[in-house]
Each structure stands twice: as C-alpha cells, then as structure tokens.
Amino acid sequence: MTAFAGLQIYNTRTRKIEVFKPLTGKRVFMFVCGPTVYDFSHVGHARVFIFFDTVAKWLKFSGYSVFYIVNITDVDDKIVNRASEEGAHPLELARRYERYFIEDMLRLNVTAPNLYPRASDYLKEIFEQIEGLLSKGYAYVTPSGVYFDITKFEDYGKLSGRRPEELRVHRIEPDPNKRNPGDFALWRVRPQNEFGWESPWGYGRPGWHIEDTAITIKHFGAQYDIHGGAVELIFPHHEAEIAQAESLTGVKPFVNYWMHVGLLTVDGVKMSKSLGNYVTIRDVLKRYNSNAVRLFILQNYYRRPMDFSWEALDSAARAASRVETAALRLKQLDIVDSKVEGEAALTKEAEEAWDGFVEGMNNDFNTPVALSNLYRLSSAINDYTNRESRISLEGMNRVSSLLNNMAYVLGLRLEEDEGRLAQDLIRLIVDVRAVLRSRKLWDLADRIREELKSLGIELQDTPTGTRWIIRNKK
Ligand SMILES: [Zn+2]
C-alpha cells in the first residue's frame with residue numbers, strides 16, 4: 001500500500017480537489033506565511049502551524065522529500081510601533097518574539113519546518129525584485145514609495161475570485177500618489193528617524209508582500225508546489241505575491257497548490273490580537289499538554305472555521321489521555337513466542353483503523369477522519385489490555401508500528417515522560433476532588449486544594465470545571 005498514491009488536495013487556485021503531483025519527482029517545496037513577531041502567538045496561529053506541520057509530516061511519511069519554509073516577518077509597522085512604545089529597537093523586539101514563537105512551536109511539537117528565514121535578511125533580493133518590476137513596467141515610483149500597478153497584471157484577483165472592477169476601487173494603503181486605489185506598496189518611504197534602509201527610491205522599508213516572494217524565489221525558484229496560510233491572507237497578500245512573482249519571472253502558475261486554513265473564532269468572532277479576544281499558545285500549554293492541543297486543532301477539518309472553547313480542549317485532553325494510556329499499556333504487555341487468544345482481532349482492528357487513517361489523510365487532510373481511526377485503534381488496544389497481559393512479537397510489532405505511524409503524522413508524543421505523568425496525576429486528583437465536592441465533602445476538597453498548593457499546584461474552580469497552574473518552585 002502506498003499512502004501517497006492517492007493524495008488529493010483542495011486547491012484554492014482552481015477551486016477543485018486535485019490529485020497531488022509535485023513539480024519535480026519526489027521533491028516538495030512548501031511555504032507557509034509565518035508570524036509578524038511583535039506579540040505572543042495565539043491559538044489561531046497554532047491552528048495554522050499545527051495543521052501544516054501535519055501536512056509536511058504526512059508528505060514525508062508518504063515518501064516525499066519536503067523542503068518546508070515558514071518566514072518570520074521582522075519588518076513591519078506593527079513591530080516598529082510596538083518597539084517605540086516600549087522604547088526598544090524594532091529588531092530587538094522582533095528577535096524576542098521570534099524566540100517565543102519558536103519556543104511555542106517546539107512545545108507544540110511543530111518540528112517539520114526546515115527554515116525560518118527573516119525578512120530583514122533578504123533586502124538584497126527585495127531590491128532586485130523591485131528593480132525587476134520597475135524595469136518591466138509593472139511598478140512605478142512616487143514620492144511616498146514604489147507601488148505595483150494592479151491594472152498591469154491581468155490575473156490580479158483570480159485567486160480570490162474578485163472582479164477587476166471591484167479591485168480597482170478596493171482601497172488599500174490610502175495614498176494620493178497612487179495610480180489606482182488597489183495598488184500595493186513594494187517599498188515605502190519613511191522618515192530618517194524611523195527604522196529602515198537606504199534605497200534607490202528613498203529611505204524606508206519594504207512592503208509586506210515582497211518579503212515572501214524574495215524568500216521563496218531565492219530558495220525555490222520561479223515556481224513551487226504548495227503555499228499555505230490562513231484564509232484571510234488570500235486577499236490582498238497572496239494575490240499580491242502571485243502578481244509580483246508572475247510579472248517578474250513570466251512563469252505561471254507561481255504556485256501549483258494554494259492551501260488555506262479556516263478561521264479560529266471565539267463565539268463566532270475571529271480570534272485576533274486587534275480584537276483582544278485571544279488566548280495565547282502559552283496560556284493553553286499551561287493547562288494542557290501538546291497532545292491535547294494538537295488533537296483539539298486537528299479534530300476540525302482545516303478548511304472550516306472552528307470555534308475555540310475550553311470545554312472542547314477538555315474533551316480533547318480526555319481523548320489524548322486515552323491514546324497515551326493505550327500506548328503505555330501496549331508497552332507493558334509481555335511478549336511471548338506464540339499468538340495469544342484475541343490477538344488476531346486486535347491486529348485486524350489495527351489494520352482497518354490504519355486504512356481508515358490513510359484514507360482520511362489522503363482525502364484533503366481530513367484529520368477528523370484520521371483521528372476517529374486513531375481513537376478506534378486506541379480503544380482496541382485498551383480493550384485488549386483489559387483482558388490480556390501478553391502478546392506475540394509479531395502482533396506487538398504490527399500494532400505498535402501502526403500506532404506510532406499515526407502519532408508521528410499527527411505530531412503526538414507517546415513516549416513516557418514525567419511531565420505528562422504529573423499532569424495525569426493532577427487530573428486524577430482534580431477528578432476525585434470534583435466527586436468530593438459533588439458530595440458536599442467540602443473539608444476534604446479544601447484539604448486537597450491546600451495540599452496541592454503547598455506543592456506549587458494552584459487550582460482554579462471555574463463554572464466549566466477546575467483548571468490548574470503549576471507554579472515553578474526551585
Ligand atoms: Zn506571507
């Protein structure tokens with residue numbers, strides 16, 4: 001069975017589900033728009049990066065060699081403004097939040113990206129691309145900077161399905177020097193006392209869209225396989241990238257497969273820094289392990305919007321703990337020479353679960369289907385270990401390799417670790433305390449709270465259940 005034979009991907013560019021075929025043999029070049037590093041990343045970012053980490057891992061598992069880049073936007077007005085509020089240098093601020101971002105990613109077991117290039121390291125490529133666009137007549141110089149003339153690129157609007165009339169009047173980056181309201185900046189002139197660079201078009205900073213094409217054309221060339229990002233980046237960001245790259249190189253399509261992840265909402269409203277309704281990745285990781293967070297994200301089909309709630313995280317945490325238990329109990333079985341009664345049923349169930357998992361992943365990364373098969377396998381293992389304490393070597397190899405394959409692709413950590421054991425024990429104690437409270441045994445419940453507190457574990461009773469924070473004590 002070749003897992004990759006049937007991979008199909010919904011392509012935003014063609015609005016169709018298509019069989020995935022890389023441009024060159026077994027090599028896949030993939031780029032996902034990374035964070036603008038001026039604050040802590042929130043769960044909406046976790047959704048995008050956990051999903052594409054899983055995409056890259058599935059491609060690798062399927063036999064492809066994947067070169068996966070996530071860029072770091074370290075040049076941006078938001079960074080400059082935040083830095084001036086804090087009295088810090090913009091790049092110093094950007095480095096700090098970049099480090100927090102990478103830490104968050106590693107804690108979420110997001111390990112697939114090969115490179116996190118910074119926009120500020122690509123000024124040379126940005127200059128070359130702006131020169132190229134000017135010399136080909138796609139861009140023009142004004143006193144306030146260089147703009148791309150969207151009327152010169154006839155495919156502008158195709159990715160997002162917007163009509164040219166609509167785009168002409170769609171006002172972005174208001175500036176009386178622009179030819180069309182929808183033109184976007186390649187270079188923006190800024191005052192000398194602000195962070196920036198000297199350029200042939202005046203002192204200033206690059207536009208956001210040109211950062212991405214500077215990075216991808218340098219590393220991937222004029223054309224590559226997969227470009228991913230959040231759905232709200234389709235317009236104007238991804239349209240602008242296509243306009244820049246295709247005008248410059250003449251190669252179409254710039255990107256073969258465009259993949260977009262739906263919004264993460266809170267009570268139906270987009271989670272965002274500007275709206276202030278966000279929960280950071282750090283907040284979530286204080287209470288849940290990475291397995292719980294990844295299952296919470298991946299239990300939703302990536303193209304649909306998903307709503308954030310602590311209740312859904314609680315239920316993902318319970319699911320994670322069933323999978324972790326299955327992995328642990330499987331390892332605790334004694335290995336014997338001959339097949340054990342009931343083992344055939346377990347391996348059959350495992351094979352079927354694996355087939356279902358592969359089918360889900362190949363069907364445009366339908367991770368809810370993949371997860372249901374992971375849970376199916378976990379229950380089969382838990383049922384088996386309830387009845388049996390032994391298994392044959394062959395059975396052990398088969399079942400554990402299928403479980404480990406799923407864990408690898410979904411980015412779950414199933415090896416034992418003390419941190420998780422501690423979390424599981426706390427969860428157990430919290431559950432017992434909830435029973436005591438429901439029986440109105442307040443003195444015992446309070447004693448548990450006090451004893452935990454003396455160990456540095458602080459309980460918080462909320463209307464939706466008890467949460468805890470481990471205060472670091474050294
Ligand atoms: Zn981008």
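How many residues of domain 1 are in contact with domain 2, and how many of domain 2 are on the other side? Let's start there, and keep in mind as we go that this is a predicted model. It's 12 residues of domain 1 against 11 residues of domain 2.

Let me back up and lay out the chain. It's divided into domain 1, residues 3-270, then domain 2, residues 313-410, and then domain 3, residues 418-470. If you take the centres of domain 1 and domain 2 over their C-alpha atoms, 39 Å separate them.

So who does the touching on the domain 1 side? Two elements supply at least two residues each: strand β1, residues 8-11, and helix α1, residues 43-61. Of everything on that side, α1 gives the most, with 5 residues. By class, the side of domain 1 that touches domain 2 has 8 nonpolar residues, 3 polar ones and 1 charged one.

Hang on to α1, please, as we turn to the core. The largest nonpolar core has 123 residues, and its largest share, 11 residues, comes from α1. This core draws at least three residues from domain 1 and at least three from domain 2. As background, nonpolar side chains in soluble globular proteins tend to be buried together. The residues with the most contacts inside the core are Met30, Phe148 and Leu186.

Let's zoom in on Phe148. Setting aside its neighbours within four places in sequence, Phe148 is in contact with Leu133, Tyr138, Ala139, Asp183, Phe184, Leu186, Ala240, Ala243 and Gln244. You'll notice Leu186 in that list, and Leu186 was also named among the residues with the most contacts in the core.

Next, a helix pair further along the chain. Helix α11, residues 343-362, packs with helix α12, residues 367-387, at an angle of about 170°, and their axes are 7 Å apart. Because that angle is over 145 degrees, α11 counts as roughly antiparallel to α12. On the α11 side the contact includes Leu346, Ala353 and Phe357, and on the α12 side it includes Val369, Leu377 and Tyr384. The residues of this contact divide into 11 nonpolar, 4 polar and 3 charged.

Now for the backbone oddities. Most residues other than glycine have a negative phi, and most peptide bonds are trans. Where are the exceptions to look at here?

There's a cis peptide bond joining Phe235 and Pro236, with omega about 0°. Pro236 sits in helix α7, residues 234-249. Another cis bond runs from Lys252 to Pro253, and there omega is near -10°. Pro253 is in the loop between α7 and β10, the strand at residues 255-261.

For phi, have a look at Arg15, which isn't a glycine and yet has a positive value, near 55°. You'll find Arg15 in the loop between β1 and β2, with β2 covering residues 16-19. Is Arg15 buried or exposed? It's exposed, because 9 other C-beta atoms lie within 10 Å and the cut-off for exposed is 12 or fewer.

Lys440 is another non-glycine residue with a positive phi, near 60°. Lys440 lies in the loop between α14, residues 418-438, and α15, residues 442-454. With 8 other C-beta atoms within 10 Å, Lys440 is exposed too.

That's my tour, so over to you for questions.

How values were computed
Residues are numbered from 1 along each chain as its sequence is written. This is a predicted model: local features need pLDDT of at least 70, side-chain atom pairs count only at pLDDT 80 or more; totals for chains, interfaces and linings use all residues. Axes are lines fitted to C-alpha atoms, for helices over the stretch in contact, and angles run from 0 to 180 degrees between N-to-C directions. Helices (H or I, at least four residues) and strands (E, at least two) are DSSP runs, numbered from the N terminus. Angles under 35 degrees count as roughly parallel, over 145 as roughly antiparallel, 65 to 115 as roughly perpendicular and the rest as oblique. Two residues are in contact if their C-beta atoms, placed from the backbone, lie within 7 Å. Ala, Val, Leu, Ile, Met, Phe, Trp, Tyr, Cys and Pro count as nonpolar, Asp, Glu, Lys and Arg as charged, and the others, Gly among them, as polar. Domain bounds come from an automatic or database domain assignment. A nonpolar core is a set of buried Ala, Val, Leu, Ile, Met, Phe, Trp, Tyr and Cys residues joined through C-beta atoms within 7 Å. A residue is buried if 20 or more other C-beta atoms lie within 10 Å of its own, exposed if 12 or fewer, and partly exposed in between; C-beta atoms are placed from the backbone.
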